[in-house]
Amino acid sequence: MTRIGIAAVQGAVREHERVLSALGAKTSLVRRSEDLAGLDGLILPGGESTTIGMLFEEYGISDVLRRGEIPVFGTCAGMILLAKEIEGSEQPRLGLMDIAVRRNAFGRQRESFEEEIAVPAISTDEPIRGVFIRAPYVTSTGAGVEVLGTLDGKIVLCRQGRMLAGSFHPELTDDLRLHRYFLEEVVGQGA
Amino acid sequence: MERELGTFRVKAGLAEMLKGGVIMDVTKPEEAVIAERAGAVAVMALERVPADIRAAGGVARMADPRIVREIMDAVTIPVMAKARIGHFVEAQILESLGVDYIDESEVLTPADEQYHIDKEKFRVPFVCGARNLGEALRRIAEGAAMIRTKGEPGTGNVVEAVRHARTVNAEIRRVVAAPPDELPTIAKELGAPLELVHQVHELGHLPVVNFSAGGIATPADAALMMQLGVDGIFVGSGIFKSQDPEARARAVVRATTHYQDPDVLAEVSTGIGEAMRGMEISRIAPEDRMQERGW
């Protein structure tokens, strides 16, 4: 059985647990580096990227993840943590993807929204409902980064090898397809 | 498909993202920066912390928009601000400023003794205090997207927050265990909409995130509330009324993440200076207890 860890410093942990369990994966919570042992993949949930990044450093999680051996799916704050470059910020990050991100790029909470996004890698006719909460987007990508979804021309879903990053929150909907893509196409590929 | 702003899912969703984190009261930009650097997931912008409101007396109102704006400019994490219970115009002003969450709060002097704010009218989400399940569900029925215990603000005494969390837990257990045909009577007793009582029966928890607030002063207090099952922590006076706010802020954040790990709790509780002095609840006259405000 595939074992997926969910970073549980803080954030939308139980929502990812619910989705992964529905897909038949075994889940465990990651708060310190020892918790990463034996994982087939890791979810970086939405939350505050400044808080999560800081506690990742302090509890040794960043050092292990920077080796790039564990496939990661980052949503919202998770996307920010995966990025090499964060506009105007020196905050701690993993830097596992060759992307630049802008935080709170669509605005503050008052501008948070839902909108459908076409993701051809998952379905050519059924879009994914994107829940964007103080969401970031990707402003530039390096070689080897595959853009999987855009909104108003902004990159909101992309992949680089075994790393997957999304601006929005599939875990707040009943749509399991993006998590299934992560399990089958990203985690499964390396096994 | 059109863009939909301010849906209940994005309102309640922001609270979901704050889970496991600490939200700190701040009165100036410098304090907001200390909170952010310590790892706070959000700050609450206000003119005075509850302990000072209690000491000052008089009518406590929404903060000066200048203070709220300065704090919003100083940090990248979400900024919340308080409106008086029932004062929907203060809430309109806070929404216009672009704060990320509005706390309809008993810490301020209520503006309406009969009606709370109709929170569904706003695109910015609301958090409200509750002492029991009925109160929590009434606030959710009005549109609140996040709940917190009331506790007794500004006391540095966690006893009331514990009481409120345990009360909500016990009432949820009763709703979950009850057969469906008893739910209408329970809803009547709680003074809560039946539909929401049904939701609690099925979910086993509140339909929105439930934080703890009111009297949390130490890392151990934060972990206590987390072990009692709340989703996250508000610290009001507890940080900036203590001897070493920076050290205490860092410690409370780490205690909230590692709430089940006594070794971490022992380490982070060490050498962080004195906590705020604190008050015995029985020494506060009933009419001065902020938790009695709202219904």
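# Two chains, read by their contacts

Reader: How many salt bridges does the rule find across the interface of chain B and chain A?

Author: The rule finds 13 salt bridges across that interface. Keep in mind that this is a predicted model.

Reader: What makes Arg3(B) and Glu115(A) a salt bridge?

Author: Their side chains meet at 2.7 Å, N to O. The rule asks for a side-chain nitrogen of Lys or Arg within 4 Å of a carboxyl oxygen of Asp or Glu. The pair therefore counts as a salt bridge.

Reader: Which elements of chain B give two or more residues to the side that touches chain A?

Author: They are strand 1 (4-5), helix 1 (8-18), helix 2 (29-38), helix 5 (88-97), helix 12 (245-257) and helix 13 (262-268) of chain B. Helix 1 of chain B gives the largest share, eight residues. By type, the residues of that side divide into 21 nonpolar, 13 polar and 16 charged.

Reader: What area is buried between chain B and chain A?

Author: About 3600 Å² is buried between them. Carbon and sulfur atoms give 48% of that area. In chain B, Arg3(B), Arg9(B) and Met17(B) lose the most area to chain A. Together they account for 21% of what that side buries.

Reader: How many residues are in contact?

Author: In chain B, 50 residues are in contact with 41 residues of chain A.

Reader: What makes Arg9(B) and Glu114(A) a salt bridge?

Author: Their side chains come to 2.9 Å, N to O. The cut-off is within 4 Å, so the pair passes. This pair crosses between chains, from Arg9(B) in helix 1 of chain B to Glu114(A) in strand 7 of chain A.

Reader: Why is Glu114(A) called buried?

Author: Its relative accessible area is 4%. Buried means under 20%, so Glu114(A) qualifies. Its partner Arg9(B) stands at 30%. That value lies between the 20% and 50% cut-offs, so Arg9(B) counts as partly exposed.

Reader: How do you know that strand 7 of chain A pairs with strand 1 of chain B?

Author: Two bridges join strand 7 (residues 113-117) of chain A to strand 1 of chain B. Pairing needs at least two bridges, so these strands pair. They run antiparallel. In strand 1 of chain B, Leu5(B) is the bridge partner of Phe113(A).

Reader: What makes strand 1 of chain B an edge strand?

Author: First, the sheet itself. It is an open sheet of three strands in the order 8(A)-7(A)-1(B), with antiparallel pairing. Strand 8 (128-132) of chain A and strand 1 of chain B each pair on one side only, and these are the edge strands.

Reader: How many bridges join strand 7 of chain A to strand 8 of chain A?

Author: Five bridges join them, and the two strands run antiparallel. Glu115(A) has Gly130(A) as its bridge partner in strand 8 of chain A.

Reader: What do Lys241(B) and Asp52(B) tie together?

Author: Their closest N and O atoms are 2.9 Å apart, in a salt bridge. Lys241(B) lies in the loop between helix 11 (237-240) and helix 12 of chain B, and Asp52(B) lies in helix 3 (residues 50-56) of chain B, so the pair ties together parts that are 189 residues apart in sequence.

Reader: Why is Thr155(B) called buried?

Author: Its relative accessibility is 0%. The cut-off is under 20%, so Thr155(B) counts as buried. Thr155(B) is found in the loop between strand 7 (146-149) and helix 7 (159-177) of chain B. Not counting residues up to four places away in sequence, Thr155(B) touches several residues, including Arg54(B), Gly215(B) and Met276(B).

Reader: What is the sign of phi in Cys76(A)?

Author: Positive, near 60°, in a residue other than glycine. Most residues other than glycine have a negative phi. Cys76(A) sits in the loop between strand 4 (72-75) and helix 4 (77-82) of chain A. Its relative accessible area is 6%, under the 20% cut-off, so Cys76(A) is buried.

Reader: Is Asp152(A) buried or exposed?

Author: Exposed. Its relative accessible area is 55%, and exposed means over 50%, so the label follows. Asp152(A) lies in the loop between strand 10 (146-151) and strand 11 (154-160) of chain A. Asp152(A) has a positive phi of about 50° although it is not a glycine.

Definitions and conventions. Residues are numbered from 1 along each chain as its sequence is written. Chains are lettered from A and ligands numbered from 1 in the order in which they are written. This is a predicted model: local features need pLDDT of at least 70, side-chain atom pairs count only at pLDDT 80 or more; totals for chains, interfaces and linings use all residues. Side-chain values use heavy atoms; hydrogens and water are left out. Contact means heavy atoms within 4.5 Å. Buried area is the accessible area (1.4 Å probe) that two parts lose on being put together, summed over both. Helices (H or I, at least four residues) and strands (E, at least two) are DSSP runs, numbered from the N terminus. Ala, Val, Leu, Ile, Met, Phe, Trp, Tyr, Cys and Pro count as nonpolar, Asp, Glu, Lys and Arg as charged, and the others, Gly among them, as polar. Buried means under 20% relative accessible area, exposed over 50%, partly exposed in between (1.4 Å probe, protein chains only).
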